[in-house]
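Trainee: Could you take me through one part of this model up close? I'd like to look at some charged side chains.

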Amino acid sequence: MGLLKKIFTAIRGGATEAGEAFVDANSIRILEQEIKDADNHISKAKQDLTTVIAKEMAASREIEGIKTKISEYEGYAVSALDKGDETLAIEIAEKIATLEAELGQQTAAQSSFSAHAVRLRELVKKTERTLAEYKRQLTMVKTTDSVQKATSAISDSFSNSNSKIMSATESLERIKKKQRDFDDRLQAAETLDDENSDTSLEAKMKDAGIGPQTSSASSVLDRIKAKKGA
């Protein structure tokens, strides 16, 4: 029995841990649903408040109507007394007493509806303020969760993908080397073209003093002096 009890205790403990793990993994979703449920409850409370206010207004109208009837029947009673018909006046007085009893009931109902409406209004306002704060907190929690997930993904990428990073580095170096080789070949081709062109040949002949030479200012002046002396 002792062993079975321990096994059942372990199973219950594992179930509790699994339940807590599930709640932790879905905490934001659960909070969102709880806020939605609270929104629905507030909507229902507002509907109930509307009903209570409507009944309060109806009771107020009923009270005014009863008061009008009481005043009316009091006038009838006075008329009956003026005519000396006390029996009729008593009947009218009984009607007035019935109306006054109804007036008391309606007044009590109206007071109850009014007090209940006041409490409901305050409760709805307080709940809406609390819910608005939870909604703001939910926005911040969701933003923080997104940032933490992004940070975790980046961290995992750098910690678990060293080989991929090295491969990317090697690929980048190969591309750079290929581009440098291309530039070297292009420069070599341009140099070779210069060597094979007439311009390159003329430059070499000029350096060697072969071919037509460009006159300098001093050579021109010497030539003019020589002609003058002749």
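Trainee: Is Glu128 buried, partly exposed or exposed, and what is its relative accessibility?

Mentor: Bear in mind that this is a predicted model. Glu128 counts as partly exposed, because its relative accessibility is 30%, and partly exposed means the range between under 20% for buried and over 50% for exposed. Now look at what its side chain does: Glu128 meets Lys46 in a salt bridge, at 2.5 Å from N to O. That pair ties together distant parts of the chain, with Glu128 in helix H3 and Lys46 in helix H2, 82 residues apart. Lys46 is partly exposed too, at 39% relative accessibility.

Follow helix H2 and you'll come to another pair: Lys44 forms a salt bridge with Asp48, their closest N and O atoms being 3.0 Å apart. This one sits inside a single helix: the two residues are four apart in helix H2, so about one helical turn separates them. Lys44 counts as partly exposed at 45% relative accessibility, and Asp48 does as well, at 34%.

For one more link between the helices, try Glu32 and Lys142, whose side chains meet in a salt bridge at 2.9 Å, N to O. Here Glu32 belongs to helix H2 (residues 27-82) and Lys142 to helix H3, 110 residues apart. Glu32 is partly exposed, with a relative accessible area of 25%, while Lys142 comes in at 37% and is also partly exposed. The structure holds six salt bridges, these pairs among them.

Key. Residues are numbered from 1 along each chain as its sequence is written. This is a predicted model: local features need pLDDT of at least 70, side-chain atom pairs count only at pLDDT 80 or more; totals for chains, interfaces and linings use all residues. Side-chain values use heavy atoms; hydrogens and water are left out. A salt bridge is a side-chain nitrogen of Lys or Arg within 4 Å of a carboxyl oxygen of Asp or Glu. Buried means under 20% relative accessible area, exposed over 50%, partly exposed in between (1.4 Å probe, protein chains only).
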